[in-house]
Amino acid sequence: MVKPNRITSASQARDYFKQHYSVSAERYYAQGHERPGVWVGTLAREMGLSGAVAEEQFMRMMAGQDPRTGEQLVRLVSTAPVFDKATGKFKVSKEHHPGWDITISAPKSISLIATYGKDVRIRELWDRAVDLGIRDLELHAEAKRGGLRVPLRTGKILAVRFDHDVTRPVDGVATPDLHSHILVANITQDAQGKYRAVESNEWYA
């Protein structure tokens, strides 16, 4: 099963990293199968990003910045005016939509075999299946062009992959649940090298 969820704010993105994906935050992974987040996607590869992702890099990516330098790659968007009672004036702030959490989940029977059966072939097949899922995400990656113009197909994503064997613990108990989170940044790049915000309609379709 594939389920896309919109990440709505920078604070939510930080919570995702600290509470859901950071090994030090909680025992979310099954014993002996801790796997840190790793860079995935063509744009990550072209930026020279590989291996484990650091929290600072992750937060830069979610802010629409270059994970390596902090340079703003995607412009901030003005929010709707909000009335400020203290000043008696309307205020407009700038914000950035961080990205999406694309969750890919295995059937329960596969989760049980992978977690308790210790059949390494299942994990290898799962890795291949998720890689194919990421490839399909890229095939449908598009960039916004503004106004009513048709989105531009780019075929590039900048993302981090996190793998889990179990559910988040409830009352200290975790159950087998093999799944992967693909945290896709709201950053893509066109053929001319310009960085653009992502149009996600094709992913939901």
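A residue counts as buried when its relative accessible area is under 20%, as exposed when that area is over 50%, and as partly exposed in between. Keep those cut-offs in mind as you click through this structure, which is a predicted model.

**Stop 1: an enclosed strand**

Start by selecting residues 99–105, which make up strand S7. How many of the 7 residues of this strand are buried? The count is 7 of 7, so strand S7 is largely enclosed by the rest of the structure.

Now add the strands that pair with S7. Select residues 2–7, strand S1: this strand runs antiparallel to S7, and 6 bridges join the two. Zoom in on Asn 5 and you will find Asp 101 of S7 standing opposite. Next, select residues 176–185 to bring up strand S11, which pairs with S7 in the antiparallel sense over 7 bridges. To see one matched pair here, pick Ser 105 and look across to its bridge partner in S11, His 179.

While you have strands on screen, here is a handy rule. In a regular strand the side chains alternate between the two faces of the sheet.

**Stop 2: helix H3**

Move on to residues 55–62, helix H3. Colour Phe 58, Met 59, Arg 60, Met 61 and Met 62, which are buried. Then show the side chains of Arg 60 and Glu 56: they form a salt bridge, with the closest N and O atoms 3.0 Å apart. Both residues belong to helix H3 and sit 4 residues apart, about one turn of the helix. Is Glu 56 buried or exposed? Glu 56 has a relative accessible area of 53%, so Glu 56 is exposed, because the cut-off is over 50%.

Just past the helix, select Gly 64, which follows H3 and has a positive phi near 80 degrees.

**Stop 3: a three-stranded sheet**

Next, look for an open sheet of 3 strands, in the order S9-S8-S14, with antiparallel pairing. Strand S9 (152–153) and strand S14 (198–199) stand at the edges; each has a single partner strand, so one side of each is left without a neighbour in the sheet.

Select residues 142–143 to see strand S8, joined to S9 by 2 bridges. Which residue in S9 is the bridge partner of Glu 142? The partner is Arg 153. The side chains of Arg 153 and Glu 142 also meet in a salt bridge, at 3.3 Å from N to O. Since Arg 153 lies in strand S9 and Glu 142 in strand S8, the pair ties together parts that are 11 residues apart in sequence. Compare their surroundings: Glu 142 is buried, at 10% relative accessible area, whereas Arg 153 is partly exposed, at 43%.

**Stop 4: a salt-bridge network**

Select Asp 127, Asp 131, Arg 161 and Asp 163, which are linked in a network of salt bridges. Within this group, the side chains of Arg 161 and Asp 163 meet at 2.9 Å, N to O. Both of these residues are buried. In the whole structure, a search finds 11 salt bridges.

**Stop 5: a positive patch**

Finish on the surface. Select Arg 75, Arg 145, Arg 149 and Lys 194, which form a positive surface patch. Where is Arg 75 found? Arg 75 lies in the loop between helix H3 and strand S3 (77–78), and at 67% relative accessibility Arg 75 counts as exposed.

Note on methods. Residues are numbered from 1 along each chain as its sequence is written. This is a predicted model: local features need pLDDT of at least 70, side-chain atom pairs count only at pLDDT 80 or more; totals for chains, interfaces and linings use all residues. Side-chain values use heavy atoms; hydrogens and water are left out. Patches are made of residues with over 30% relative accessible area and no salt bridge: like charges are joined within 9 Å, nonpolar side chains (Val, Leu, Ile, Met, Phe, Trp, Tyr) within 5 Å. Accessible areas come from the Shrake-Rupley method with a 1.4 Å probe; for residues, only the protein chains shown count as cover. A salt bridge is a side-chain nitrogen of Lys or Arg within 4 Å of a carboxyl oxygen of Asp or Glu. Lys and Arg count as positive and Asp and Glu as negative; His and the chain ends are not counted. The place of a charge is taken as NZ of Lys, CZ of Arg, CG of Asp or CD of Glu. Buried means under 20% relative accessible area, exposed over 50%, partly exposed in between (1.4 Å probe, protein chains only). Two strands pair if DSSP finds at least two bridges between them.
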